[in-house]
Amino acid sequence: MSTRNAMPAKRIRRRRVPAALLAPALIGLAFLILPLAGLLARAPWTELPARLAEPEMLAALRLSLFTATAATVLSLLFGVPIAWLLARGEFPGRSVLRALVTVPLVLPPVVGGVALLLVFGRSGIIGAWLYERFDLTIPFSTAAVVLAMTFVSMPFLVVSVEGALRGADIRFEEAAATLGAGRWTVFTRVTLPMVAPGVLAGAVLCWARALGEFGATITFAGNFPGRTQTMPLAVYLALQSDPEAAIVLSLILLAVSVIVLASLRERWTAAP
């Protein structure tokens, strides 16, 4: 058999799913897809425009978009330097620092909210000083929503950018330094353009995670309409009195999630 004929046959055998895996795969797919299908089936499509125009929904949507964007900006401002430190820095305890930075990925969000209260509350490590010196209270405010979102979403950006930095060809940076470019110039003119796709992917994931944040927000910022009530909190509140409104808000979050995952698909797989 020629090599040309052997290659397609080999590719077909590689893609064939073993019978023992097919049944659990189908059950798992049904478990993941049926709840989403149920959400779409129960959606009040005829009332959707009117529902989206309700002041409470618009307020929750505007607040969510604003706070998620602000959290993403903060994550970019602080997360990119953290990623560079973890990817290029050589210092004792780097692995411990990496673990601490990524802890919010697995930490229950409610625990994150409690931790933020202990730091930024009126009797917290930083909050007490802010209250005594500037009469500034952060918890249960819009700023608290942004901080809660930043805490839970920044690790997504850090992980993405660190991976991009580790995969970048350092020879271009060395060449720029050899030609006399300073460290800041090398970083802004060479390093950042090389890892721009990773930064963009991390920023999008960060924004999407911030938009869906619930646990840390309700613990640290509360659920006050117009001030701290984001879309996930509005879904939780509406589910108790107006299930159709909860479904509409859930549809918006579902649409955003699908768009984000579809736009980032090429970064995770090269499959057609």
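The following dialogue examines the helices, buried cores and selected residues of a predicted model.

Student: How many helices and how many strands does the chain have?
Tutor: In this predicted model, the elements from the N terminus on run α-α-α-α-α-α-α-α-α-α-α-α-α-α. The C-alpha trace spans about 75 × 60 × 30 Å along its principal axes. The count for the chain is 14 helices and 0 strands.

Student: Among contacts between residues at least 6 apart in sequence, what percentage join residues at least 24 apart?
Tutor: The chain has 272 residues, of which buried residues make up 36%. For contacts between residues at least 6 apart in sequence, the share that joins residues at least 24 apart is 72%.

Student: Which helix gives the most to the largest nonpolar core?
Tutor: This core holds 31 residues, and Ile138, Met149, Phe220 and Leu249 touch the most other members. Helices H4 (55-88), H6 (109-120), H8 (142-167), H10 (183-211), H11 (215-220), H12 (231-241) and H13 (243-263) each supply at least two of its residues. The helix that gives the most, with 7 residues, is H13.

Student: How many residues does the other core, which includes Leu86 and Val101, contain?
Tutor: This core lies apart from the largest nonpolar core. Its members include Leu86, Val101, Leu157 and Val158. The number of residues in it is 15.

Student: Which residues does leucine 249 touch, not counting those up to four places away in sequence?
Tutor: Leu249 is one of the residues that touch the most other members of the 31-residue core. Without residues up to four places away in sequence, its partners are Met57, Met231, Ala234 and Val235.

Student: Is alanine 234 buried or exposed?
Tutor: Alanine 234 is found in helix H12. Leaving aside neighbours within four places in sequence, alanine 234 is in contact with Ala60, Gln229 and Leu249. Its relative accessibility is 8%, and the cut-off for burial is under 20%. Alanine 234 therefore counts as buried.

Student: How far apart in space are alanine 234 and asparagine 223, C-alpha to C-alpha?
Tutor: Alanine 234 and asparagine 223 are 11 residues apart in sequence. In space, C-alpha to C-alpha, their separation is 8.2 Å.

Student: Against which helices do the buried residues of H12 pack?
Tutor: In H12, the residues Met231, Pro232, Leu233, Ala234, Val235 and Ala238 are buried. The helices against which the buried residues of H12 pack are H4, H10, H11 and H13.

Student: What is the relative accessible area of threonine 230?
Tutor: Threonine 230 lies in the loop between H11 and H12. Not counting residues up to four places away in sequence, threonine 230 touches Ala60, Leu63, Ser64, Thr67, Val145, Met149, Glu213 and Thr217. Threonine 230 is buried, and its relative accessible area is 0%.

Student: Are H6 and H8 oblique or roughly perpendicular to each other?
Tutor: The axes of H6 and H8 come within 10 Å and cross at roughly 125 degrees. Roughly perpendicular covers 65 to 115 degrees and roughly antiparallel begins over 145, so the angle falls in neither class. H6 and H8 are therefore oblique.

Student: Which residues in H8 do Gly112, Leu116 and Phe120 meet?
Tutor: H6 passes H8 in a right-handed crossing. Gly112, Leu116 and Phe120 belong to H6. The residues they meet in H8 are Leu147, Ala148 and Phe151.

Student: How far apart do the end C-alpha atoms of residues 140-165 lie?
Tutor: An unreviewed UniProt entry annotates residues 140-165 as one of its "transmembrane region" spans. In the model, this span is 92% helix and 0% strand. The end C-alpha atoms of residues 140-165 lie apart by 37 Å.

Student: Is aspartate 135 buried or exposed?
Tutor: Aspartate 135 is placed in the loop between helix H7 (127-134) and H8. Although not a glycine, aspartate 135 has a positive phi of about 55 degrees. Its relative accessible area is 58%, and the cut-off for exposure is over 50%. Aspartate 135 is therefore exposed.

Student: What is the phi of phenylalanine 140?
Tutor: Phenylalanine 140 lies in the loop between H7 and H8. At 38% relative accessibility, phenylalanine 140 counts as partly exposed. Although phenylalanine 140 is not a glycine, its phi is positive, at about 60 degrees.

Terms used. Residues numbered from 1 in each chain as written. Predicted model: local features only at pLDDT ≥ 70, side-chain atom pairs only at ≥ 80, totals over all residues. Heavy atoms only, no water. Core = buried A, V, L, I, M, F, W, Y, C linked by side-chain atoms within 4.5 Å. Buried < 20%, exposed > 50% of the residue type's maximum accessible area, 1.4 Å probe, protein only. Helix = DSSP H or I, 4+ residues; strand = E, 2+ residues; numbered from the N terminus. Contact = heavy atoms within 4.5 Å. UniProt positions renumbered as here; feature names shortened; annotations may be inferred. Axes fitted to C-alpha atoms, helices over the stretch in contact; angles between N-to-C directions. Parallel < 35°, antiparallel > 145°, perpendicular 65-115°, else oblique. Left-handed = near helix turned anticlockwise from the far one by under 90°.
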